[in-house]
Amino acid sequence: MSRSRRLLTSLEALQDAHLITAQEARATAAVARTYAVSLTPHLAALIKAEGPHGPIGRQYLPDPREGIVQPSESADPIHDHPHTVLPGLIHRYPDRVLLKLVEVCPVYCRFCFRREMVGRKGQGLLEPDQFDAVLAYIAAHPALFEAILSGGDPFVLSARRVDAVSRALGAIEHLKSLRWHTRVPVADPERVTRALVRALRAGDARRKAVTVVVHVNHAAELVPPAVAAIARLVDTGVQVLSQSVLLKGLNDSEEALEALFRALTAARVKPYYLHQGDLAPGTGHWRTALARGPELMEALRGRLPGHALPTLVIDPPGGTGKLPLATALSSEGLKLRDGRTIPHPDL
Ligand SMILES: *Cc1c(COP(=O)(O)O)cnc(C)c1O
Ligand code: SF4
């Protein structure tokens, strides 16, 4: 049986696995028609073990509140679209491009900021001619220092394809850093095979900085198989960083964040970013007030090693790029890099 056939991708499958009740399936039918649902067997087992509405289940099982869309929410909350220079390629910062190799994920997070672009609405693998165009663009822009492989989740690709991508990007002399963003080490740890890990440093990628940024929001996700998957990366010379989303009711407490950052650091992951939730449709119930995150991070300073604390960032509407929330926030709104202050609905 192929791996993908084992994914739970419908409300019926979730119900058959006793992860949701018939009543919950009815209440979320409309939401599941709009936003894809998917769980790996690994996560299904953890959700079953933690019981209903635990910290893993809530991140993946559809919620009727996703149907409530606020006027300030947008299908493209961080304005990827205006910075899309080619199909699959976003060029927002002078020295970095973000390459969406694939717009599907093995699992669908209910708070995803690209939820209008991934899943059923997303594109499968970039076509070979589109990938060639991306390579030509990167090769023609010597200011590019780093290529970020994102999506979707690029670790859905086979080790063979990852190998080919690493070799192609590795051959571009001025690129010094290849960075992969993925949820697979915690969503489907067995997929982080030795062959996949080797593929990240294939060809001339071996001479570049190779980083994996793993998306983790709660310490409960870092079970032994996930920690072992991360260890396979770190042991091969890949730098592993984390990104997390600040999520109301899930990790917006000192205790939850402390446990998360300690578990990451113990797993040899450097906490990189904690993201304020973006204004993605139907995610209002997940977002904290803007002042909450800076307050939590301030409380954690001194309680954990400094290197265990990530930077709390916000991608302000308008697509001007990530800002440290603590310094950008004022009583009037968010101060952008160009000096303008813009209002924010979650103030
Ligand atoms: C977030 C993002 C990056 C990476 O930003 P870093 O601060 O370097 O992590 C690059 N490109 C785009 C389009 C992004 O949204
Ligand atoms: S893994 Fe990332 S892109 Fe995929 S659904 Fe989750 S947040 Fe969205």
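## Polar contacts of ligand 1

Let's start at the side chain of Tyr272: one of its N or O atoms is 2.7 Å from an oxygen atom of ligand 1. Keep in mind that this is a predicted model. Arg179 also reaches the ligand, with a side-chain N or O atom 2.8 Å from an oxygen atom of ligand 1. For Lys322, the distance between a side-chain N or O atom and an oxygen atom of ligand 1 is 3.4 Å. On its own, ligand 1 would expose 390 Å², and the protein buries 92% of that area.

## The pocket and its shell

Ligand 1 takes up the space of the largest pocket. Three elements each give two or more residues to the shell around it: strand 2 (89–93), strand 3 (96–102) and strand 8 (270–275). Strand 2 provides the largest share, with three residues.

If you would like to find the neighbours of ligand 1 in the structure, look for Ile78, Ile90, Arg92, Tyr93, Arg96, Leu98, Ile148, Arg179, Tyr272, Tyr273 and Lys322. By type, this shell holds seven nonpolar and four charged residues, and no polar ones.

## Aromatic pairs

Across the whole structure, a search turns up three aromatic pairs. One of them joins Phe155 and Trp180: the ring centres are 6.0 Å apart and the planes meet at 50 degrees, so this pair is tilted. Phe155 lies in the loop between strand 4 (146–151) and helix 7 (159–170), while Trp180 belongs to strand 5 (residues 177–182). With their positions 25 residues apart in the sequence, the two link distant parts of the chain.

Conventions:
Residues are numbered from 1 along each chain as its sequence is written. Chains are lettered from A and ligands numbered from 1 in the order in which they are written. This is a predicted model: local features need pLDDT of at least 70, side-chain atom pairs count only at pLDDT 80 or more; totals for chains, interfaces and linings use all residues. Side-chain values use heavy atoms; hydrogens and water are left out. A residue is near a molecule or strand if one of its heavy atoms lies within 4 Å of it. A polar contact is a pair of N or O atoms within 3.5 Å; within protein, one must be able to donate a hydrogen and the other to accept it, and residues adjacent in sequence count only if both atoms are side-chain atoms. Accessible areas come from the Shrake-Rupley method with a 1.4 Å probe; for residues, only the protein chains shown count as cover. On a 1 Å grid over the protein atoms alone, a cavity is a set of points where a 1.4 Å probe fits but cannot get out, and a pocket is an open set with protein on both sides within 12 Å along at least five of seven lines; lining residues have an atom within 4 Å of a point. A molecule sits in a cavity or pocket if more than half of its atoms lie within 2 Å of its grid points. Helices (H or I, at least four residues) and strands (E, at least two) are DSSP runs, numbered from the N terminus. Ala, Val, Leu, Ile, Met, Phe, Trp, Tyr, Cys and Pro count as nonpolar, Asp, Glu, Lys and Arg as charged, and the others, Gly among them, as polar. Rings of Phe, Tyr and Trp (its six-membered ring) pair if their centres lie within 6.5 Å; planes under 30 degrees apart count as stacked, over 60 as edge-to-face and the rest as tilted.
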